[in-house]
Amino acid sequence: MKINLKVWRQPNAEAKGKLEEYTVSNAHPSMSFIELLDVLNEQLIKNDQEPVAFDSDCGEGICGSCGMMINGVAHGEQKQTAVCQLHLRSFKDEDTIVVEPWRAKAFPVIKDLVVDRSAFDRIVAAGGYISVNTGAAPDANSLPVAKENSDRAFDYAACIGCGACVAACPNASASLFTAAKVSHLALLPQGHPERKQRVLDMTAQMANEGFGDCSNHGECTAVCPKGISLDAISSMRREYIKAMFS
């Protein structure tokens, strides 16, 4: 199949970027989108042109590094699918696809489709550590946790930190990401000792990084490749209010 691409090219953070047009004539429906970019880069290198810079790693939709905007939608229009798991069978022969990096002040472009998402790392670091001494793994696993809590905690912990929620939000809010990290620990007994300080520190760091406030549009959960629910944000807000007034 033949795929036409409009790819954002930007040599560095200071330079102006623009969309460049390319055509891949030997694409196959079974290719992932990341493999399509690999084929494009092979063409560019063969023609002594600069390859497109993009992040990728696991290829299994669990590391989050492959995130990019595809036709204006974070990770593309296929629900709960990371870019590396998005296949060309989702497109038609001779389709034109626009590929851009995440757009957010807190995610500055490094080059082409690569953005600096270290702000997420600093939010997690602000949460600190778990001080409970659980002993060896069998001891930790023996702590009783209600099934409802363990199921919800597992769902929130599935967040891969890709940044799609930020890219999709009109306010570039990191509330869904931060809420997933806060809420899954708040539901588990190991996370209780620091739960009040954790939510205060992580939300403060989120604001310091330049992310916007939650817009309540729900765009974040619509593009989340792991389907993290807006319930996480509600949970974080409850945790925050409890911490503020206790």
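## Salt bridges and a nonpolar surface patch

Glu-50 is partly exposed, with a relative accessibility of 46%. The model is predicted. Glu-50 is a good place to start, as its side chain has a charged partner.

That partner is Lys-111, and the two side chains form a salt bridge with an N to O distance of 2.7 Å. The pair connects distant parts of the chain: Glu-50 sits in the loop between helix H1 (33-46) and strand S3 (69-70), while Lys-111 belongs to strand S6, 61 residues apart. Lys-111 is also partly exposed, at 26% relative accessibility.

How many salt bridges does the whole structure hold? A full search finds eight. Three of them are described here, including the Lys-111 and Glu-50 pair.

Asp-112 pairs with Arg-9, and their closest N and O atoms are 3.2 Å apart. Asp-112 lies in the loop between strand S6 (109-111) and strand S7 (114-115), and Arg-9 lies in strand S1 (residues 3-9), so this salt bridge ties together parts separated by 103 residues in sequence. Are these two partners buried or exposed? Asp-112 has a relative accessibility of 2%, so it counts as buried. Arg-9 has a relative accessible area of 11% and is buried too, because that value falls under 20%.

The next pair joins two helices. Arg-195 and Glu-239 form a salt bridge, with 2.5 Å between the closest N and O atoms. Arg-195 is in helix H7 (residues 195-208) and Glu-239 is in helix H9 (residues 231-244), so the contact links parts 44 residues apart in sequence. The partners fall into two accessibility classes. Arg-195 is partly exposed at 23%, whereas Glu-239 is buried at 8%.

The three pairs compare as follows.

| Salt bridge | N to O distance | Sequence separation |
|---|---|---|
| Asp-112 and Arg-9 | 3.2 Å | 103 residues |
| Lys-111 and Glu-50 | 2.7 Å | 61 residues |
| Arg-195 and Glu-239 | 2.5 Å | 44 residues |

One general point applies to such pairs. Side chains of opposite charge can pair when their charged atoms come close.

Helix H9 leads on to a surface feature. Which residues form the nonpolar patch on the surface? They are Tyr-240, Ile-241, Met-244 and Phe-245, which together have about 470 Å² of accessible area. Met-244, one of these patch residues, lies in helix H9. At a relative accessible area of 45%, Met-244 is partly exposed. Helix H9 is also the helix that holds Glu-239, the partner of Arg-195.

Notes: Residues are numbered from 1 along each chain as its sequence is written. This is a predicted model: local features need pLDDT of at least 70, side-chain atom pairs count only at pLDDT 80 or more; totals for chains, interfaces and linings use all residues. Side-chain values use heavy atoms; hydrogens and water are left out. A salt bridge is a side-chain nitrogen of Lys or Arg within 4 Å of a carboxyl oxygen of Asp or Glu. Helices (H or I, at least four residues) and strands (E, at least two) are DSSP runs, numbered from the N terminus. Buried means under 20% relative accessible area, exposed over 50%, partly exposed in between (1.4 Å probe, protein chains only). Patches are made of residues with over 30% relative accessible area and no salt bridge: like charges are joined within 9 Å, nonpolar side chains (Val, Leu, Ile, Met, Phe, Trp, Tyr) within 5 Å. Accessible areas come from the Shrake-Rupley method with a 1.4 Å probe; for residues, only the protein chains shown count as cover.
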